[in-house]
Amino acid sequence: QVQLAESGGGLVQPGGSLRLSCAASGSIFSIYDMGWYRQAPGEQRELVAVIPSGGSTNYGVSVKGRFNISRDNAKNTVYLQMNSLKPEDTAVYYCNAATRLSDGTAYKYWGQGAQVTVSS
């Protein structure tokens, strides 16, 4: 069992920055990937960024070059630094952690979501 606690959402003007944090607790040893997804009203949930335990990263096309994902394994925490924010970045941002269950299968846990609003 893994619990994910998100923080750092809020209201920011276009061009501004925010940093989201997600701290994992519980069966930490089973986590191998952590990442962020987002969902805007009326839209599908989309990948923002993912970072495996090995450190390589993948970004969604719409955020590449503006967002940066990082991971502190000692604190079991993943971060999302968001720069040059645009109104279209407005969404609920969900942290996720991929784990392996006792039978070896993969399972994703999800945070509760953090609202990010980019507006003048």
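This report describes a four-stranded sheet, a salt-bridge network and the surroundings of one threonine in a predicted model.

## The four-stranded sheet

The strands of the sheet follow the order β1-β3-β8-β7. Their pairing is antiparallel, and the sheet is open. β1, residues 2-7, and β7, residues 67-72, stand at the edges. Each of these two strands has a single partner, so one side of each is left without a neighbour in the sheet. Neighbouring strands are turned by 15° against each other on average, direction ignored.

Strands of a sheet pair through backbone hydrogen bonds, in either the parallel or the antiparallel sense. At one edge of this sheet, β1 pairs with β3, which covers residues 18-26, over six bridges. Within this antiparallel pair, Val 2 has Gly 26 of β3 as its bridge partner.

## The β7-β8 hairpin

At the other edge, β7 is joined to β8 by six bridges, and the two strands run antiparallel. Together they form a hairpin with four residues between the strands. Asn 76, in the turn, has a positive phi of about 50°. One of the bridges pairs Asp 72 with Thr 77 of β8.

## The surroundings of Thr 77

Thr 77 belongs to strand β8. With a relative accessible area of 8%, Thr 77 falls under the 20% limit and is therefore buried. The side chain of Thr 77 reaches back to the backbone oxygen of Lys 75, at 2.9 Å.

When neighbours within four places in sequence are left aside, Thr 77 is in contact with Cys 22, Ala 23, Ser 70, Arg 71 and Asp 72. Two strands of the sheet contribute to this list. Cys 22 and Ala 23 fall within β3, residues 18-26, whereas Ser 70, Arg 71 and Asp 72 fall within β7, residues 67-72. Asp 72 is also the bridge partner of Thr 77.

## Salt bridges of Arg 38

The structure holds three salt bridges. Arg 38 forms one of them with Glu 46, the closest N and O atoms being 2.7 Å apart. The two residues of this pair differ in exposure class: Arg 38 is buried, with a relative accessible area of 5%, while Glu 46, at 34%, counts as partly exposed.

Arg 38 also forms a salt bridge with Asp 89, where the closest N and O atoms are 2.9 Å apart. This pair links distant parts of the chain, 51 residues apart. Arg 38 lies in strand β4, residues 31-39, and Asp 89 lies in the loop between β8 (77-82) and β9 (91-100). Both residues of the pair are buried.

## Arg 66 and the shared network

Asp 89 has a further salt-bridge partner in Arg 66, with the closest N and O atoms 2.8 Å apart. Here too the pair links distant parts of the chain, at a separation of 23 residues. Arg 66 is located in the loop between β6 (58-59) and β7, and Asp 89 in the loop between β8 and β9. Arg 66 is buried, with a relative accessible area of 11%, and Asp 89 is likewise buried, at 1%.

Through shared partners, the salt bridges join Arg 38, Glu 46, Arg 66 and Asp 89 into one network. In this network Arg 38 is bridged to Glu 46 and to Asp 89, and Asp 89 is in turn bridged to Arg 66.

Terms used: Residues numbered from 1 in each chain as written. Predicted model: local features only at pLDDT ≥ 70, side-chain atom pairs only at ≥ 80, totals over all residues. Heavy atoms only, no water. Pairing = 2+ DSSP bridges. Axes fitted to C-alpha atoms, helices over the stretch in contact; angles between N-to-C directions. Salt bridge = Lys/Arg side-chain N within 4 Å of Asp/Glu carboxyl O. Buried < 20%, exposed > 50% of the residue type's maximum accessible area, 1.4 Å probe, protein only. Polar contact = N/O pair within 3.5 Å; in protein donor to acceptor, adjacent residues only side chain to side chain. Contact = heavy atoms within 4.5 Å.
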